[in-house]
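Please open the structure in your viewer and keep the selection panel at hand, since this tour moves from one selection to the next.

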Amino acid sequence: MFSDVCMRKVLITKAGPPNVLKIVEEEKLVPNRGEVTIRVHFAGINFADLMMRLGIYGKQAPPIPFTPGYEVSGIITSIGEGVTEFEKGQRVAALTGINGYSEEVNVPVKQVVRIGDDISFESAAAMPVTYLTAYHMLVELGNIKAGDVVLIHHAAGGVGTAAIQIAKAFGAGTIFGVASPSKKDFVENMGVRFIDREKEDFVMVVKKETNGAGVHHALDPVGGKHLKKSFKSLRSGGKLYAFGGSSFVSGPKIFKPTALWRLLTSPKFSPLNMIGKNKAIFGVHMGTIKDMDLMREEIEALVLMLNEKKIDPIIDSVFHFEDVAKAHFHIHDRKNKGKVLLDFTN
Ligand SMILES: NC(=O)c1ccc[n+]([C@@H]2O[C@H](COP(=O)([O-])OP(=O)(O)OC[C@H]3O[C@@H](n4cnc5c(N)ncnc54)[C@H](OP(=O)(O)O)[C@@H]3O)[C@@H](O)[C@H]2O)c1
């Protein structure tokens with residue numbers, strides 16, 4: 001039960017498997033100047049949270065112990081000094097950075113957006129990170145055009161499904177989606193050419209089905225040696241977005257040698273080779289972008305697309321926040337098709 005004096009949140013108590021996640025209680029929050037307090041309804045789980053919990057997210061994660069959670073939806077319960085843009089009781093979504101796995105969170109107003117009454121809190125919590133990442137790559141950096149051919153890895157996941165919807169909204173041509181075999185029907189039902197990540201060579205499939213040309217955009221969150229293959233699948237003028245290191249994770253337990261090995265065997269790209277081939281590589285980390293005005297512009301464009309039903313977040317599952325360890329295991333087991341959320345309503 002939500003209390004008048006205390007609130008509960010999830011804490012990463014030490015680096016390790018999902019059971020290092022504990023529920024703790026603390027005093028209710030008071031917003032600082034320029035912030036609002038949000039009574040969280042749902043918090044999105046991102047793959048990066050798993051990497052932070054494993055202690056392999058590097059300097060981009062705060063020191064443990066801390067509360068993870070990049071994104072939430074909920075209702076504003078308190079307004080900090082100097083805030084004129086919001087009122088108590090408004091329905092919002094927010095990019096929190098950390099601290100989202102919590103009944104309450106304080107967020108600077110620039111990172112908060114209002115959501116329409118017909119948008120569910122679940123959809124709103126599923127959107128900020130995944131859609132923003134996909135939009136930033138395909139639209140802001142990639143300038144995606146009608147007819148462009150797109151290759152998406154982890155196509156059934158959070159960013160994957162967001163990228164498919166955004167690419168389609170901008171009139172993309174063929175979209176190739178790589179995922180585990182159990183997700184074939186799910187991916188095909190989104191109108192995507194499914195590629196089995198276990199049995200098929202995605203470079204060969206893509207080259208064959210584009211008459212040898214390759215794709216305009218390749219979204220690669222796998223990292224390591226895999227980037228070289230994604231680079232190969234580009235056509236002349238194509239763009240590769242390197243935005244993750246899922247291959248650094250070998251399971252729910254810490255196994256640093258895998259992460260280290262993947263890091264050491266990551267390819268080095270030569271600018272001369274890129275000039276000769278007319279190919280581009282973008283490194284993307286949404287958490288380190290300092291331009292909050294750009295972020296706001298992008299998130300507002302996405303809220304508009306959401307309100308106009310041009311995008312519609314796919315929710316795989318919702319776990320009560322006390323079952324957060326089960327939710328992390330679910331993603332480690334590669335079971336999710338769409339976004340996994342934590343429920344803080346009760
Ligand atoms: N740079 C950024 O700013 C940014 C922002 C958001 C996300 N990302 C990255 O984008 C990727 C997707 O993120 P997401 O939050 O949307 O997660 P997600 O795709 O929903 O993550 C789960 C899926 O990833 C695939 N996967 C690949 N390697 C895995 C492993 N070692 N363990 C478990 N699953 C693995 C599985 O799908 P299949 O089995 O079908 O492959 C799994 O179902 C992650 O690498 C994440 O770090 C980067």
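A polar contact is here a pair of N or O atoms within 3.5 Å, and that cut-off is worth keeping in mind while you look at a model that is predicted.

Begin by selecting the ligand together with Gly158, where a backbone N or O atom of the residue lies 2.9 Å from an oxygen atom of the ligand. Add Phe47, which places a polar backbone atom 2.9 Å from a ligand oxygen, and then Ser180, whose side chain has an N or O atom 2.5 Å from an oxygen atom of the ligand. With the protein in place, 94% of the 910 Å² of accessible area that the ligand has on its own is covered.

Next, widen the selection to the 23 residues around the ligand, of which Val159, Ser180, Phe243, Val284 and Met286 come nearest. By class, this shell holds ten nonpolar, ten polar and three charged residues. Colour α3 (128-141), α4 (158-169) and α11 (324-332), the elements that give two or more residues to the shell, and then colour by domain, as domain 1 (6-127 + 313-343) and domain 2 (130-287) each supply at least three of the shell residues.

Finally, move to strand β4 (residues 71-79) and select Ser73 within the strand. Is Ser73 buried or exposed? Ser73 counts as buried because its relative accessibility is 0%. Show its surroundings, and you will find that Ser73 touches residues including Arg39, His41, Val92 and Ala125, while a polar atom of the Ser73 side chain lies 2.7 Å from the backbone oxygen of Phe121.

Definitions and conventions
Residues numbered from 1 in each chain as written. Predicted model: local features only at pLDDT ≥ 70, side-chain atom pairs only at ≥ 80, totals over all residues. Heavy atoms only, no water. Near = heavy atom within 4 Å. Polar contact = N/O pair within 3.5 Å; in protein donor to acceptor, adjacent residues only side chain to side chain. Areas by Shrake-Rupley, 256 points an atom, 1.4 Å probe, with all protein chains shown as cover. Helix = DSSP H or I, 4+ residues; strand = E, 2+ residues; numbered from the N terminus. Nonpolar A, V, L, I, M, F, W, Y, C, P; charged D, E, K, R; others polar. Domains from an automatic or database assignment. Buried < 20%, exposed > 50% of the residue type's maximum accessible area, 1.4 Å probe, protein only. Contact = heavy atoms within 4.5 Å. Lists of a residue's contacts leave out its neighbours within four places in sequence.
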